[in-house]
Amino acid sequence: MRTTLVFCCICGAAATACGFGTSYPQAALAWDAAYGRDLVQVKHEVARTRANATPAADVDLEVVHDAISATRALYGSPSRGKPLQWESLRQFPPIALQQPAPSCQRIGRQYPQLTSRNLSVLDSYADYACGDGSNYFLTDPAVGLNAELAELHGGCVNMMRWPRSVFAANSTHFTYAFRTSEHVAAAENSEHALAPILVDHDVLVISSSHLPAGMEYQHTLLDFLPAAWTVAKILKGSSKRLVTHIPIQRAMLQYLGISEANMLELPFPKHGQAFLLCTAPHKILQIWRTGRGDGGELPTKHYRRGGFADFWHRLLNYQVGHELSDAIAKNAGWMEDALEGNQQITFLQRCVVRRRLANEQEALALTSRALIASNRSEGLMSLCAGRLTWLEQVSQVRKSALIMGAHGGAIANILFARPGTGVIEIVGSPKAAKIIDAKGEWKWPPYKSHWYGGAGASLSFFRVVLYEPNAAAKLEVRLDDLEEALQQWFVYKNAQDEAENLS
Ligand SMILES: *[C@@H]1O[C@H](CO)[C@@H](O)[C@H](O)[C@H]1NC(C)=O
Ligand SMILES: *[C@@H]1O[C@H](CO)[C@@H](O)[C@H](O)[C@H]1NC(C)=O
Ligand SMILES: *[C@@H]1O[C@H](CO)[C@@H](O)[C@H](O)[C@H]1NC(C)=O
C-alpha cells in the first residue's frame, strides 16, 4: 500500500480530477517515506495529461511536499498552530418562535408542533421532547447565526462523505469548521492517513457538506446548496472555485447563477469515503461554516446516536431557500405571474418499498375529501418525487401552498418552497422508530423530521403527524390526526388570504 498524491492538473470547468485520481489507497506507510516516489509519478502524470489539459501552472513540487508535510504535522497537534480568524459573510438574526406547548418549551424550538386529537399522544411527545430527547439537538433557532469564511494560504482540508469533524490547516495556521466534541480525536485518527489531492486553484469548500451514498440529492439540499447560495455573489468574477463532488451539484449551482468557471468537481474515490484536499502554495483555501452571530463559540457536543452534533448550518436553510428557489425559477425562465391563483396541495408519496405506509392511499383520499369540503380553490397533486427531474421537483414545490408527505428524501424539497407555504410532515412514533431500527436501515430517533433541531422554525406553518405500527406491525398514518392538521392548515390559509385581501 502506498500514498498517491493526485495532482489535479486539468480541473477545468467541467473536468473531474485527473483520470488517475479515482483510487486512493490508504497510507499504511509513513507519509514522508512514500512521498518522494509519488512525486515522480505525479510529474509523469502531469506531463502525460498536459496534451488535453489547460496548462498546469509551474508548481514547485518540492515546496508542495514541504508544505503538506508541515500541514500534516499540524493535524497531529493543532495546539502548535495559530487559530484562523473567521469573517462574517451574512448574518441571520434569531428566529421568532411560536411555542404552542407551555408544558414543553422545546416544542416550537428544537422540535416541531405535533398535531393529534389524542391527548396521550401529545403528552408522550412533550415527555420525549423535554425528556429523553432534550439533549438530542444542541441547535437553537433562537440563537443568531453567521455564514462565515476563513482562508488559508496553501493549506489542506479533509473532505468526507459524512464528516464528524472538518479540520483545515497550513503549516502555521489551523481551524475547525464542522465540529463535534470528538474533533481532535477524529482529526488525529483519520485525516492523518488520508490520501491528498493537490489543486493549483483558489478554492472554496463548504464544510457542512454531507453526501452519504444513495442519499446525495436530499443531502445536497440540506447541507450544501443553501451554503453555496450565500457565496454565489463573492464567486462572481473571482478566481475562486467552489468544490463540488457530484454532477447534480454543478447543475444546481448553474441555476443559482454560478458559472462553471467558478466550480471544481472532485468526486469521492470509488471505494473511499474521504480524501485530503490541498491547495498549492500561494493558492487560497477558503472554508465556509456556520458561526455564532455574536462571534462567540457555538456549543459542540457528541450525542450517542446518529451524527446530529453540528447541524447549525441547517438552521439557515429555510431562511435562504426561497431566495435560491427564485433564482432557479428566473434562470429556468419560468413564467409564474399567475401562480398565486393557481396553487396546489402537493402530496409526496413514498413510492418505494422502504418504510412503506400501509394506508398512504387512504391518507391521500382523506386529503382530497377534506380539501373539497373546505371550499378552497387549491388542486391536489400527488407525486413520486424521485421520478421527476430536480427541476420538475422545484417547479411543483413552487406551485404548492401546502406540501405533505412522510419523512424522507422527497420532503427535503421544501427547501424550494415560496414564503408562506405550509408543511405537514408524517413522522415516526417511538414504536415506529424501533421497527425501522430493527430492520437495520438507519438509526432513527423517534419523531425525526425536517424540522431538524430548529430549521423549521423559520417556516410559518409546520406540523408533524405520526405514523405508527398497527396490530400487524405495518406502519400506518394516524388518519384522524392528519385530518386535524389539514383543518389547522385551512384555518391558517384562510387567515393568510384574508390578510392579503385587506392589504
Ligand atoms: C390514544 O392513542 C394511544 C396510542 O395510539 C391509544 O393507545 C389510545 O387508545 C388512544 N386514546 C384514545 C382516547 O383514542
Ligand atoms: C497560512 O495561512 C495563513 C492565513 O491565510 C497565512 O497568514 C499564513 O501565511 C499561511 N502560512 C504559510 C506558511 O503559508
Ligand atoms: C362550503 O360552501 C358550502 C356552500 O356554499 C357551504 O354550505 C359550506 O358551509 C362551506 N364550507 C366551508 C367549510 O366553508
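This report describes a sheet, two helices and a ligand site in a predicted model.

An open sheet of 6 strands runs in the order β3-β5-β14-β10-β11-β12, and its pairing is mixed. The edges are held by β3 and β12, each of which has a single partner strand, so one side of each lacks a neighbour in the sheet. From one strand to the next, the twist averages 30°. Strands of a sheet pair through backbone hydrogen bonds, in either the parallel or the antiparallel sense. Between β3 and β5 the pairing is antiparallel, over 5 bridges. Ser88 stands opposite Glu148 in β5.

Helix α6, residues 225–235, lies across five strands of this model: β3, β5, β10, β11 and β14. Its direction makes an angle of about 160° with β11. The residue ranges of some of these strands are as follows.

| Strand | Residues |
|---|---|
| β3 | 87–92 |
| β5 | 145–153 |
| β10 | 202–206 |
| β11 | 240–244 |
| β12 | 263–265 |
| β14 | 284–292 |

Helix α3 covers residues 119–129, and its buried residues are Tyr125, Tyr128 and Ala129. Viewed down the helix axis, these buried residues fall within an arc of 95°, so they line one face of α3. They pack against β4, residues 113–114. Leu119 and Ser120, on the other side of α3, are exposed.

Ligand 2 is surrounded by Glu151, Leu152, His153, Gly154, Asn170, Ser171, Thr172 and His173. Strand β5 supplies the largest share of this shell, 3 residues. By class, the shell around ligand 2 consists of 1 nonpolar, 6 polar and 1 charged residues.

Terms used:
Residues numbered from 1 in each chain as written. Chains lettered and ligands numbered in written order. Predicted model: local features only at pLDDT ≥ 70, side-chain atom pairs only at ≥ 80, totals over all residues. Buried ≥ 20, exposed ≤ 12 C-beta atoms within 10 Å, placed from the backbone. Helix = DSSP H or I, 4+ residues; strand = E, 2+ residues; numbered from the N terminus. Arc of directions from axis to C-beta. Contact = placed C-beta atoms within 7 Å. Near = placed C-beta within 6 Å. Nonpolar A, V, L, I, M, F, W, Y, C, P; charged D, E, K, R; others polar. Pairing = 2+ DSSP bridges. Axes fitted to C-alpha atoms, helices over the stretch in contact; angles between N-to-C directions.
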